[in-house]
Amino acid sequence: MAFKHSGEAHPNPAITGFPLCSIGITPSDANDLTNHTGQQVAMHVVVSGPGDIVVIPAGNADANTDTYTVSATAADAGFAIPVLVRRVLSTGTSATGIKGYF
């Protein structure tokens with residue numbers, strides 16, 4: 001089964017199937033996620049080191065200040081963010097070992 005998504009911030013990104021690849025994520029306040037094929041919405045973001053993580057969900061615009069903050073201070077390795085993610089912000093993120101699955 002293949003998966004696809006629009007790669008754009010809008011209320012209903014179309015994603016089907018299972019992740020096909022993963023990338024290490026360097027948080028950025030300015031740049032959206034992009035994997036090697038140009039896809040920009042991660043189906044899963046996983047944290048392996050404790051800390052906080054702040055993300056912009058796939059349906060939120062940059063100007064939308066309704067970001068999603070997850071405190072992962074006591075998370076085990078493999079803690080997954082339960083939303084589709086288009087950006088992991090550096091401001092407010094202290095978690096390490098962040099991977100995106102596309």
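1. A strand, as the word is used here, is a DSSP run of E that covers at least two residues, and strands are numbered from the N terminus. With that in hand, take R87: its place is in strand β6, which spans residues 85-89. Keep in mind throughout that this is a predicted model.

2. How far can you trust it? The mean pLDDT of the chain is 76. Of its residues, 69% reach 70 or more. Residues 1-11 need care, as the pLDDT there is below 50. In the model this stretch still has 31 contacts beyond near neighbours in sequence. Read those contacts with the low pLDDT beside them.

3. Is R87 buried or exposed? Its relative accessibility is 4%. Buried means under 20%, so R87 counts as buried.

4. What does the side chain of R87 reach? One target is the backbone oxygen of D29, at 3.1 Å. Another is the side chain of D32, with a polar contact of 2.9 Å. Look also at the wider surroundings. Leaving out residues up to four places away in sequence, R87 touches S28, D29, A30, N31, D32 and L33. The list goes on with V54, V55, I56 and D62.

5. Now the sheet. Four strands make an open sheet, and the order is β1-β7-β2-β5. The pairing is antiparallel. At the edges are β1 and β5 (79-81), each of which pairs on one side only. From one strand to the next, the twist averages 30 degrees.

6. Look at how β7 is joined to its partners. Strand β7 covers residues 96-101, and five bridges join β2 to it. Three bridges join β1 to β7. Both pairs run antiparallel. In general, strands of a sheet pair through backbone hydrogen bonds.

7. Which residues face each other across these pairs? V47 stands opposite I98 in β7. H44 stands opposite Y101 in β7. Y101 is also the bridge partner of S22. Find Y101 in the structure and you can trace S22 and H44 from there.

8. Last, a loop residue. Q40 is in the loop between β1 (22-24) and β2 (44-49). Its relative accessible area is 27%. Partly exposed covers values between 20% and 50%, so Q40 is partly exposed. Where is A58 relative to Q40? The two are 18 residues apart in sequence and 8.8 Å apart in space, C-alpha to C-alpha.

Technical notes. Residues numbered from 1 in each chain as written. Predicted model: local features only at pLDDT ≥ 70, side-chain atom pairs only at ≥ 80, totals over all residues. Heavy atoms only, no water. Buried < 20%, exposed > 50% of the residue type's maximum accessible area, 1.4 Å probe, protein only. Pairing = 2+ DSSP bridges. Axes fitted to C-alpha atoms, helices over the stretch in contact; angles between N-to-C directions. pLDDT = per-residue confidence, 0-100. Contact = heavy atoms within 4.5 Å. Polar contact = N/O pair within 3.5 Å; in protein donor to acceptor, adjacent residues only side chain to side chain.
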